[in-house]
Structures are given as C-alpha cells and as structure tokens.
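Reader: I'd like a close look at one small part of this model. Could you walk me through it, and then tell me how far to trust the rest?

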Amino acid sequence: MITSQLLVGITRLLVGAHGRWIHSRPAPTQRIYFANHTSHLDTLALWAALPPALRARTRPVAARDYWGGGGIRGFIAEHGFRAVYIERGRTQDNPLAPLEAALGSGDSLILFPEGTRTPAPLPQAFKAGLYHLARRHPQVEPVAVYLDTLHRSMPKGSLLPVPLTCSVRFGRAVPVQADEPKESFLERARAAVVELA
Amino acid sequence: MSERHKFWLVMGGVLALLVVASVIGAWLKQRTRSDGGRDVVANLVARINAWWVMVALLCACFLLGRAATLVFFALASFFALREFLTLTPTRPGDHLPMALCFYVALPLQYWLIGVEWYGLFAICIPVYGFLLLPAISALDGDVDGFLERNTKIQWGLMLTVYCVSYAPAVLLLHIPGYEGQSLLLMLYLLLVVQLSDVLQYVFGKLFGRRKLAPTVSPSKTVEGLVGGGLAATAVGTGLWWITPFSPMGAAAISAVIVLAGFLGGLALSAVKRSLGAKDWGTMIEGHGGMLDRLDSVSFAAPVFFHVVRYAYHG
C-alpha cells in the first residue's frame, strides 16, 4: 500500500502522468486498458494515471523477463503495481492463462498489444492476445489509451528516466463485434489508439 | 523593527490585498452574465486562488528558513525545466545531457548557494555547463540538428535553473547594516516583480487599448505596462523600509525589477510561441505552467542581484 503510494508519487514527480479522459469516463467497469508501448515507464504511467479506486483493481501485464527478476524492478512489480506476469518467446499451452485468471477474479488489466517497445509516436500492428481475451471475456470492456512523450523520457537502452511531462489519453471502448474476424478487430483497436495521437 | 516584524507587517498587507481580491472575484462572479465575461472571471478567480497558495508557500519559506527556501526554489526550477524540455523536441541522443541538467546541474546550483560558494555559483552553468553539455552530446554521435538541440537544452538550463536560482541567491548578499535580513530582500524582489505582473494585467484589462507586441503576447498593452509598471514601482518605493535602500534607491531598483520582469515576460512569450504553445503547462490553475509564473522572475532576479551586489555589497 505504502509502496504503491510512493510509486505513484515518484511517477507524478518525474513524468506527471495525468489522465485525460477524452472518449471514455473513469468507471468501475471491468476493463482492459490497451496502449502504445514506447518505454519501460509506460506501465507505471498508465497505472498511475487511473483514479485511486480504479487503480486498486487494475493490474498491468508485465513481461517476466524484465519485471519478474529480483531487485528493485521485481519489488516494484510485485508490491507496487501487482503485475500479472506473461512469458515472452517461450511456447506454452496457453500464455494468456495468468491474464484470464486475473480477469476471472474481477480485476481490470493494462496491456501493451504490440508485445514490444516501439520508439515512435505511432504503434506497430497489434498481436492477437487482445482479441482472444476480448472474445473469451465479453463482459470486459477493451479501452484504447495513448501515451505520449515517454519514449523521450526513457529511450531504449537508457537506465535513468529524464523528467518530461507525459499525458495519458483515454480513448473509446472497442468491444469485439459478433463474428468479427481477428484482423478487423485488431485494426479497429489500433485505430482507436492512433486517433488519440 | 526586527526582520520578523517587518515580514509580518508586509505579509499582513499582502493578505489584506488577497482578501480584497477574493471578495471582488466573488462579486464579479455573481454579476457577470455573458459567456465570455464568465471565462475571464473564472480565470481571475483561479489566479487569485493560486496566489493564496503561493503566498502560503512564501510564508512557509520564511518560517522554515534558508534550507527550506532553497528546496522550494529547486523544486520550482525542476518543474520549470521539465516544462521547458517537454515542449522542446529532443532526440535519443539528448538523453544524457538532459539527465545531467536535472540530476547534476540543478542540485549542484542550489547546493552552491547553500554553502555560500558565490564564485562557482556564478560561473558553474554558464562556463562549465556551457562547454561540457555539447561535448557530452557530441560523444553520442547524432549530428542531426546538433546545434539547435544543444541550444535549446542550454537555454532551458540557463533560464530555469541558473536565472531562477538568483532569487534565493539574494540570501548570499551581505550588506553592511542589513545583516541577517536577506530573506526580506528576497521577499521584496518577489513582491515587486509579481505585483508588477498583476498590476500590468489589471491595468491592461481596465484601460488597455494599444497592443504592445500583438504577435508575441496579445494581452500586453502600452497602458498595462505604463500603469502597472508605475504602480508597482510606487509600491516598491513605499516598501523601502524593509530594504537596505534609501527611498530614491528603492525607486530606482523597483523600476529596474519592473523593466527586467516585463522583458522576461515578453522574451519568454516569444520562446513559448516559437515552440508552438500558449501556456508552458497546466500546473498552476488559471496561470498555466510554472514558467508562466516564473518568466518575469527569471529575468528580474539576476539583474536585481547584480545591481544590488554592485551598489551595496560590503
């Protein structure tokens, strides 16, 4: 609890991370917030931008190879924002299982559907995970989010974040339509992020 | 009269002024009907409320002393630099120079004031920072827009850290017969420069006809500058008894503060517009960002410091 408060405070001091609700409102609905991914600060910024009551029920999806180790990163992920770990690159029965478990227990998720960081203002094509989650959990609302400036605060390869103000823009909800093919949904989802740029 | 007495006497005046302003704000809010008028009044009320907070912070500085004052201004510099560099387009190669500005140059500058090392305080950023930052940036090897990128980072650092730090650096001035009262002198500087901003705004809104520099800052008018500037100088003269200056000296120094502050507002407005923004940020309700409040201070403080040091320093 104190760790979380402290983490939010440091994030505010460094990058501002104030949420702007453009096409949606903050609501206690179960959601998957999906965003463009440009830096390691993204997870913290989006999580810190949520109002406290929503933040307490929202867990960021984090790569185990980066956030899952020991040390300060592991501590932040474990006790700060209660990460849901995902394995990258390894073949498994269902890599989405831990995410589905979190959704099953009523939590919201923060997800970066590009799978990796893109040091550019616009995101690459989305991976399929978001589609599968949205289809298997139709009660969960996927909401587009756009993060700016963070790739300048902490470009790939840098260790120390430079304080620059970032805004976290919340866009529209993008529910899967009946019988919608994967490609069409992922393209709509990406477009909902891009329109906030 | 002791420093403490003088401080609370002046603060009493400031608080009375704020009460009057808040009452006028509330009365205008009741009276104004048109949509445009309402926006102006809402902005005015937000500004007055922000002033309450800023005056409270200033009182806290005075009560807590020197270290707290330095921390307070260091934070102001931090947020101003953050605003400046956020609006500045940077590339990955600027990461290390920017990190040095925030994590080395800024704390060092305020630490030098804390330990009263005047010689290094005055040259650290303009000499060593000026030479080192582009050299470090060159090591990265990105030559695209190298001069523009480095110029902008240097400008931001000079303005938001070096120039702003001159306000608390007034504590370094040792004036014979005025020992131990330097916090009052800092208060005097801030009071005249901020009052000048406020009075120029008020005179401009009431009597403003001729725009001074429409492309740079549409709200600045000749009437605002002359009326507000003269009124602020008059107040600065009337406060001579909290300074080491004679009444004539206080008049001259207030006029210098007012002029430098005005030029700061003008120059920074032009910088802001060339970066494509209307306000530096959204930090202070009604005022915009931290730099929107500090623009005049950043110009007035170094000039005030050096004029006083030249004329009065022992």
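In which loop of chain A does P161(A) lie?

Author: Sure. This is a predicted model, where local features need pLDDT of at least 70 and side-chain atom pairs count only at pLDDT 80 or more, while totals for chains, interfaces and linings use all residues. Residues are numbered from 1 along each chain as its sequence is written, and chains are lettered from A and ligands numbered from 1 in the order in which they are written.

P161(A) lies in the loop between α8 (150–153) and β7 (166–173) of chain A; helices (H or I, at least four residues) and strands (E, at least two) are DSSP runs, numbered from the N terminus. P161(A) counts as buried because it has 20 C-beta neighbours inside 10 Å. The cut-offs: buried is 20 or more other C-beta atoms within 10 Å, exposed is 12 or fewer, and partly exposed is in between, with C-beta atoms placed from the backbone.

Leaving out residues up to four places away in sequence, P161(A) touches L14(A), L41(A), S153(A) and M154(A). Contact here is C-beta atoms, placed from the backbone, within 7 Å. V145(A) sits 16 residues from P161(A) in sequence and 21 Å away in space, C-alpha to C-alpha.

As for trust, the complex gets an ipTM of 0.88 and a pTM of 0.92 from the predictor. Over in chain B, the mean pLDDT (the predictor's confidence in each residue, from 0 to 100) is 92, with 99% of residues at 70 or more. Confidence in chain B is lowest in helix α2(B) (residues 35–64), at a mean of 86, and highest in helix α4(B) (residues 95–114), at 97.

Note on methods. Contact = placed C-beta atoms within 7 Å.
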